[in-house]
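Hi,

Here is the structure I promised to pass on. Have a look at it first, and my notes on what turned up follow below.

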Amino acid sequence: MLIGGFGGHLTFYRNDGNTTTPNWTFITNTYDSIDVGISSAPGFVDVEGDGDYDLFIGDGSGRISYYRNDGNSFSPIWNLISTYYDSIDVNFTAVPAFEDLDDDGDFDMFIGGSGGSYNDPTFNYYENSGDLNNPSWTLLTDFFDFPNFSFSLYCRPSFVDIDNDDDFDLFIGDYSGSIWFFRNDGDVTIPDWTFITNAYDSIDVGQASAPSFVDIDGDGDFDMFIGERYGHIWFYRNDGTTISPLWNRVATRYNSIDVNYRATPTFTDIDNDGDFDMFIGEWEYGRIFFYRNIGNNTIPSWELVTQNYNTIDGDKDSAPTFADIDSDGDFDMFVGRRWGRIAFSVTMEQRKHPYGY
């Protein structure tokens with residue numbers, strides 16, 4: 001597990017357990033002597049197509065440091081190539097992420113930042129006009145045409161194919177409690193973002209909305225869960241279809257959940273039993289609440305396992321998400337933090353127990 005920090009270093013915890021029962025051993029809070037100055041935000045991608053992950057780190061100045069992996073996927077050797085990668089500068093608090101947004105077989109780069117201060121969010125999309133082995137970055141200012149929109153603080157994007165047309169649509173929650181919905185009226189290769197509303201389906205959870213989508217009832221369409229300022233979860237069941245969702249508000253305090261302040265929910269089948277489990281980040285202590293689904297994939301039943309999953313705390317405003325970033329068949333965890341940092345947790349052996357203790 002690699003955790004970015006406000007001081008610009010990376011903290012490294014080695015997993016001396018396995019993929020099901022992780023056992024975190026603190027190794028160093030100055031991993032590989034890396035120091036990007038302030039507000040390190042790591043992101044990993046095989047940018048050269050050589051089978052191992054390279055390391056990109058955003059910093060508080062809005063720039064990206066690039067460390068090439070000259071080792072291999074088991075024993076990385078980090079070689080600093082640039083502290084000002086591709087002359088990219090988003091001005092303030094760069095947070096890089098990578099995805100094949102145009103479906104051309106290589107990774108594109110998405111960088112969250114600020115136009116001049118922490119409350120002036122920007123979204124920067126760099127298309128990879130090279131290839132999988134030799135990237136070449138082109139800033140497309142009109143890909144996310146967001147300068148015309150006035151987001152509030154704490155923008156939280158969520159991509160999902162909400163209309164079942166085989167491309168990603170975009171939802172952005174913000175501090176005002178609104179849900180901004182941008183429909184992709186293009187396709188998976190050439191997206192065309194159409195702003196639909198900043199009051200999606202007249203939904204307003206008050207403040208600090210954090211949407212998450214999951215088929216929680218197993219009927220083949222996405223349902224919506226929204227975290228809010230006071231630590232509760234609003235649940236909207238989709239009583240429509242995959243093409244035309246119809247949101248039915250079922251609960252404003254779903255399952256009587258209360259994580260105290262600014263709930264940020266996400267769902268994944270962490271125990272591989274065929275149903276979704278629930279993780280909720282919170283603001284005050286940066287903890288992650290873990291609810292195991294002891295029901296099934298059509299009728300969930302929630303059991304609170306721990307309020308401090310993997311003892312990941314000590315910061316504020318945790319926002320967890322899961323992805324199999326290393327293609328080893330299990331879920332890895334990324335946790336967003338208040339000052340733009342991203343904590344990255346990866347398990348490296350066959351998992352037996354996922355519950356974080």
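Let me start with a term: a nonpolar core here is a set of buried Ala, Val, Leu, Ile, Met, Phe, Trp, Tyr and Cys residues joined through side-chain atoms within 4.5 Å. Buried means under 20% relative accessible area, exposed means over 50%, and partly exposed is what lies in between (1.4 Å probe, protein chains only). Before the findings, some housekeeping: this is a predicted model, where local features need pLDDT of at least 70 and side-chain atom pairs count only at pLDDT 80 or more, while totals for chains, interfaces and linings use all residues. Residues are numbered from 1 along each chain as its sequence is written, and side-chain values use heavy atoms, with hydrogens and water left out.

Now the core. The largest nonpolar core holds 16 residues, and Phe225, Tyr254, Ile257, Met278 and Ile280 have the most contacts inside it. At least two of its residues come from each of strand S18 (233–238), S21 and S22. (Strands are DSSP runs of E, at least two residues long, and are numbered from the N terminus.) If you want one residue to click on, try Ile257: leaving aside residues up to four places away in sequence, Ile257 touches Gly231, His232, Ile233, Met278, Ile280 and Tyr291. Contact here means heavy atoms within 4.5 Å.

S21 and S22 also take us to the sheets. Two strands count as paired if DSSP finds at least two bridges between them. One open sheet has 4 strands in the order S20-S21-S22-S23, paired antiparallel. Its edges are strand S20 (264–268) and strand S23 (302–306), each of which pairs on one side only. On average, neighbouring strands in this sheet are turned by 25° against each other, direction ignored; the axes behind such angles are lines fitted to C-alpha atoms, and angles run from 0 to 180 degrees between N-to-C directions. In the middle, strand S21 (residues 277–281) and strand S22 (residues 288–293) run antiparallel and are joined by 4 bridges. Met278 sits opposite Tyr291 in S22, and both of those residues are also touched by Ile257.

Earlier in the chain there is another open sheet of 4 strands, in the order S4-S5-S6-S7, again with antiparallel pairing. Strand S4 (41–45) and strand S7 (78–82) form the edges, each pairing on one side only. Here, too, neighbouring strands are turned by 25° against each other on average, direction ignored. Strand S6 (residues 64–69) is joined to S7 by 4 bridges, and Asn69 has Trp78 in S7 as its bridge partner.

Last topic: charges. With a salt bridge taken as a side-chain nitrogen of Lys or Arg within 4 Å of a carboxyl oxygen of Asp or Glu, the count comes to 8. Among them:

- Arg14 and Asp16 meet at 2.7 Å, N to O; Arg14 is partly exposed at 37% relative accessible area, and Asp16 is partly exposed at 38%.
- Asp239 bridges to Arg237, with the closest N and O atoms 2.7 Å apart; Asp239 is partly exposed at 38%, as is Arg237 at 29%.
- Asp258 pairs with Arg253, the closest N and O atoms being 3.7 Å apart; Asp258 comes out at 39% and Arg253 at 44%.

There is also a network of salt bridges that links Glu48, Arg68 and Asp70.

Cheers
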